[in-house]
Amino acid sequence: EMQAQVIQQQQQQQQQPQESFEQFRDSSLELISFEEENYEKHYYGREHWNYFTNDEMLGPVMLSLKQEVNNQRDHFHVLLRTVSYTLHGTIPASTICADRYDREAIVRELSEIAKLKPPLMLGQLPSTPDELLKLDHIFIKTELKVGVIYIKQGQEESEEAILGNKEESPLFTEFLDLLGDRITLKGFDRYKGGLDTVHNLTGTESVYTMWRNIEIMFHVSTMLPHEENDPQKLQKKRHIGNDIVCVAFIESDDTLFWPGCIKSYFLHTFIAVRTSPKPLKEGELRKYSVSCVCRNEVQYAFRPYLVERDEFFKSDYFREWLLVKIVNGERASYSAPKFARMQDRTRSQLLEDIITNLANHLVTGQIPKPYRRGSWRPLGHTRASSPLEDSMKDYFEDYDQLAKDFCNAFCGPNKSVLCDVAFKVKDADGSFKLVHGVRAILAIRSRTFLEMLYGFVPPGASSTGLQSQTNLRAIEMKALSGESSSSGGALKEIGGSFGEHNTKGLLAKRGSVGTDPGRKIGEKERRQSMLPNLSKSVSQKANYLTVPNAAGAGGAGGTG
């Protein structure tokens with residue numbers, strides 16, 4: 001009879017987790033829903049309209065509107081986005097003082113109700129739904145990193161002792177197997193959570209799980225690098241201290257948990273899981289008790305609530321319950337001011353970019369190019385490098401195309417369109433001539449332009465573009481040899497407006513005047529050895545592009 005009672009109790013204990021799992025599947029084990037999920041749930045992939053404006057008080061504003069029928073009555077599903085908040089709900093069509101079949105009249109009425117100035121305008125970019133969905137997904141993370149610390153008997157207040165644990169007990173290993181799968185970091189090709197998967201700099205193993213399309217990487221204190229000579233255990237704290245949620249596994253009956261044991265600016269939620277180190281009796285299941293503590297900045301409690309249940313047997317239900325608690329703890333921590341300010345700033349930038357693209361498309365009809373540098377900016381973002389239209393940007397790679405673009409830029413029919421810089425050059429007769437300069441995009445991306453500007457000579461070619469620099473170097477070398485008296489005249493022949501004092505100033509700037517001749521003997525010999533090559537390059541024929549019909553302007557520019 002005793003054996004039959006024991007067997008019956010074991011069967012009841014094994015059945016209880018499964019029954020509880022089915023009982024709480026739809027209520028307690030739900031993830032916290034974000035307001036950012038409303039667009040994907042109610043609008044994306046369905047017929048709706050997106051209106052925008054840049055309000056004088058609220059800044060960027062986006063309104064998504066969808067018409068639907070509820071209980072045989074017409075309603076408008078409205079989602080209003082601003083920088084700091086989002087409003088979502090349904091409005092009966094009978095409460096709007098406008099023709100329900102005139103969508104523009106309804107939007108005008110909604111603009112007046114919300115007191116938006118200027119009023120809302122219809123966005124017509126086909127990529128807007130995807131950009132709004134991408135904006136929402138930034139705040140709905142599907143990749144999480146969670147810290148896990150191991151606390152033994154009497155280690156409740158010592159950070160050094162807790163992080164100093166480098167070996168796992170069988171109970172801790174059993175708990176880690178409950179959380180997820182033990183993986184080898186080297187060569188791991190999924191979410192890494194900041195761990196090194198190439199050189200094993202952050203340990204060789206970790207715990208990872210893929211749960212409800214959410215990837216979770218656990219930073220386990222006993223698996224991170226351990227250095228005996230580092231009492232603060234910075235290699236462990238740099239990962240666990242930068243997590244938002246930390247699971248504390250306490251292997252003790254009476255050791256209390258103190259949240260301040262791990263000093264961190266990011267940790268906001270601790271989930272303490274306690275189990276007894278006493279050996280189990282035959283047929284007895286491992287039992288865990290759970291407690292949770294958050295910072296005061298976390299503005300609300302999160303499910304599953306501990307008032308409903310805080311003791312669990314080892315089962316699939318307990319794993320599901322614990323993972324829900326971890327993910328909801330992370331999402332609830334986003335309400336803290338530290339993270340809320342970061343989200344508001346990111347939301348403002350992204351929403352402003354989307355509305356800017358819609359406004360530009362409304363005026364010019366131009367579809368913005370995707371942003372290709374992999375930053376946080378939305379798909380339709382384009383960097384404002386010039387006030388000209390983005391369609392004018394071309395790739396200036398070959399020399400022939402570059403020569404044609406130069407001619408068009410300086411004197412062609414499209415010079416007012418291609419050029420955004422103009423120079424006013426004084427002519428020989430005293431009049432001023434307007435010379436259009438090449439676009440900044442051309443100067444940045446063109447190797448040939450850099451060669452013309454700075455004197456870089458391609459292989460197998462030479463130029464007289466270095467003539468002025470060569471003569472200046474020759475004058476400098478003459479000054480080094482004591483012939484500075486003639487340097488001023490030579491410089492006048494080159495530029496026509498430089499004086500002897502300017503020459504000395506130039507040479508002094510280069511460090512060649514007013515120094516000890518004995519200390520400059522090495523430099524002097526080096527420069528004299530370079531003189532034949534420089535003279536040879538001066539005598540060669542020029543092969544660089546010149547400005548057509550602007551010879552007088554170029555000469556005037558040299559003397560003016």
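In this predicted model, R182 forms a salt bridge with E168, the closest N and O atoms sitting 3.2 Å apart; a salt bridge here is a side-chain nitrogen of Lys or Arg within 4 Å of a carboxyl oxygen of Asp or Glu. R182 lies in strand β7 (residues 181-184) and E168 in the loop between α5 (159-163) and α6, so the pair ties together parts that are 14 residues apart in sequence. Helices (H or I, at least four residues) and strands (E, at least two) are DSSP runs, numbered from the N terminus. At 32% relative accessibility R182 counts as partly exposed, and E168 is partly exposed too, with a relative accessible area of 26%. On this scale, buried means under 20% relative accessible area, exposed over 50%, and partly exposed in between (1.4 Å probe, protein chains only).

R182 has another partner: its side chain also meets that of E205 in a salt bridge (3.6 Å, N to O). This pair links distant parts of the chain, with E205 in strand β8 and R182 in strand β7, 23 residues apart. Salt bridges that share partners thus join E168, R182 and E205 into one network.

The structure holds 13 salt bridges. Another of them pairs the side chains of D74 and R100 (3.3 Å, N to O). D74 sits in strand β3 (residues 73-81) and R100 in the loop between β4 (86-92) and α3 (103-114), 26 residues apart. D74 is partly exposed at a relative accessible area of 22%, as is R100 at 32%.

K338, in helix α9 (residues 337-364), goes without such a partner. K338 is buried yet has no salt bridge, and the nearest side chain of opposite charge, E297, is 11 Å away; for charge, Lys and Arg count as positive and Asp and Glu as negative, with His and the chain ends not counted. Leaving aside residues up to four places away in sequence, K338 touches Y265 and F266, where contact means heavy atoms within 4.5 Å.

Turning to the interior, the largest nonpolar core has 40 residues, and those with the most contacts inside it are F175, F218, V273, F318, L322 and I326. Such a core is a set of buried Ala, Val, Leu, Ile, Met, Phe, Trp, Tyr and Cys residues joined through side-chain atoms within 4.5 Å. Elements that each supply at least two residues of this core include β6 (143-151), α6 (170-179), β11 (269-275) and α8 (316-333). The largest share, eight residues, comes from α8. L322 touches F175, L179, I271 and V273, again not counting residues up to four places away in sequence.

On the outside, M57, L58, Y85 and L87 form a nonpolar patch with about 410 Å² of accessible area together. Patches are made of residues with over 30% relative accessible area and no salt bridge, like charges being joined within 9 Å and nonpolar side chains (Val, Leu, Ile, Met, Phe, Trp, Tyr) within 5 Å. Areas come from the Shrake-Rupley method with a 1.4 Å probe; for residues, only the protein chains shown count as cover. M57 is found in the loop between β1 (49-55) and β2 (59-70).

Residues are numbered from 1 along each chain as its sequence is written, and side-chain values use heavy atoms, with hydrogens and water left out. Because the model is predicted, local features need pLDDT of at least 70 and side-chain atom pairs count only at pLDDT 80 or more, while totals for chains, interfaces and linings use all residues.
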